[in-house]
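User: Hi! I have a chain open in my viewer and would like to talk through its fold with you. Could we take it step by step?

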Amino acid sequence: MQFCDECGSMMKSMGSKMVCTNDDCQHTVAKDEEKAAEFVSTEEQGDSAVIETSEDANFEGKPTAKDVTCEECGHGEAWYTIKQTGAADEPPTRFFKCQECGHRWREYS
Ligand SMILES: [Zn+2]
Ligand SMILES: [Zn+2]
């Protein structure tokens, strides 16, 4: 199900386009563009959701990584934790939190 960006009405499929069913609006989008946009936003949400829910505030007392550089402030020490975020046969992800500014990021090993 897809909804119109302009008025929120349902969109219907018309060939390679999606057309708003609201006669006053008739907003039209290309299907491929819409798919690409959805994919990007889903990716971003997935990343931040993992960091916010499972790793936030969990870093105090974790081991310190000294082979890293914070992108935000350039500090060279960060807490880290290793987590299996994907399937069991995928390498685990390292999550970091800068000890200076609190910036968090993740690294695929
Ligand atoms: Zn519309
Ligand atoms: Zn930092």
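Analyst: Happily! One definition to begin with: a residue is buried if 20 or more other C-beta atoms lie within 10 Å of its own, exposed if 12 or fewer, and partly exposed in between. Please keep in mind that this is a predicted model.

User: Thanks! Is Cys101 buried, exposed or partly exposed?

Analyst: Cys101 sits in the loop between β6 and β7. Its count is 14 C-beta neighbours inside 10 Å. Because that number falls between the limits of 12 and 20, Cys101 is partly exposed.

User: And Gly74, is that residue buried or exposed?

Analyst: Gly74 belongs to the loop between β4 (64-65) and β5. There are 10 other C-beta atoms within 10 Å of Gly74. Since 12 or fewer is the criterion for the outer class, Gly74 is exposed.

User: How many Å separate Cys101 and Gly74 in space, C-alpha to C-alpha?

Analyst: Along the sequence, Cys101 and Gly74 are 27 residues apart. Cys101 also touches Cys70, Glu72, Cys73 and His75, leaving out residues up to four places away in sequence. From C-alpha to C-alpha, the separation of Cys101 and Gly74 is 9.5 Å.

User: Now the strands. Which are the edge strands of the open sheet?

Analyst: The open sheet has four strands in antiparallel pairing, in the order β4-β5-β6-β7. An edge strand pairs on one side only. That description fits β4 and β7 (104-108).

User: Which residue in β7 is the bridge partner of Arg94?

Analyst: β6 and β7 pair in the antiparallel sense, over five bridges. Strand β6 covers 93-98, and β7 covers 104-108. The partner of Arg94 in β7 is Glu107.

User: Which element gives the largest share of the largest nonpolar core?

Analyst: Seven residues form this core: Phe59, Cys70, Ala78, Trp79, Phe95, Phe96 and Cys98. Both β5 (78-83) and β6 (93-98) supply at least two of them. The largest share, three residues, comes from β6.

User: What percentage of the residues in the chain is buried?

Analyst: The chain has one helix and seven strands, following the pattern β-β-β-α-β-β-β-β. Among contacts between residues at least 6 apart in sequence, 23% join residues at least 24 apart. Of the 109 residues in the chain, the buried ones make up 11%.

Terms used: Residues are numbered from 1 along each chain as its sequence is written. Chains are lettered from A and ligands numbered from 1 in the order in which they are written. This is a predicted model: local features need pLDDT of at least 70, side-chain atom pairs count only at pLDDT 80 or more; totals for chains, interfaces and linings use all residues. A nonpolar core is a set of buried Ala, Val, Leu, Ile, Met, Phe, Trp, Tyr and Cys residues joined through C-beta atoms within 7 Å. Helices (H or I, at least four residues) and strands (E, at least two) are DSSP runs, numbered from the N terminus. Two residues are in contact if their C-beta atoms, placed from the backbone, lie within 7 Å. Two strands pair if DSSP finds at least two bridges between them.
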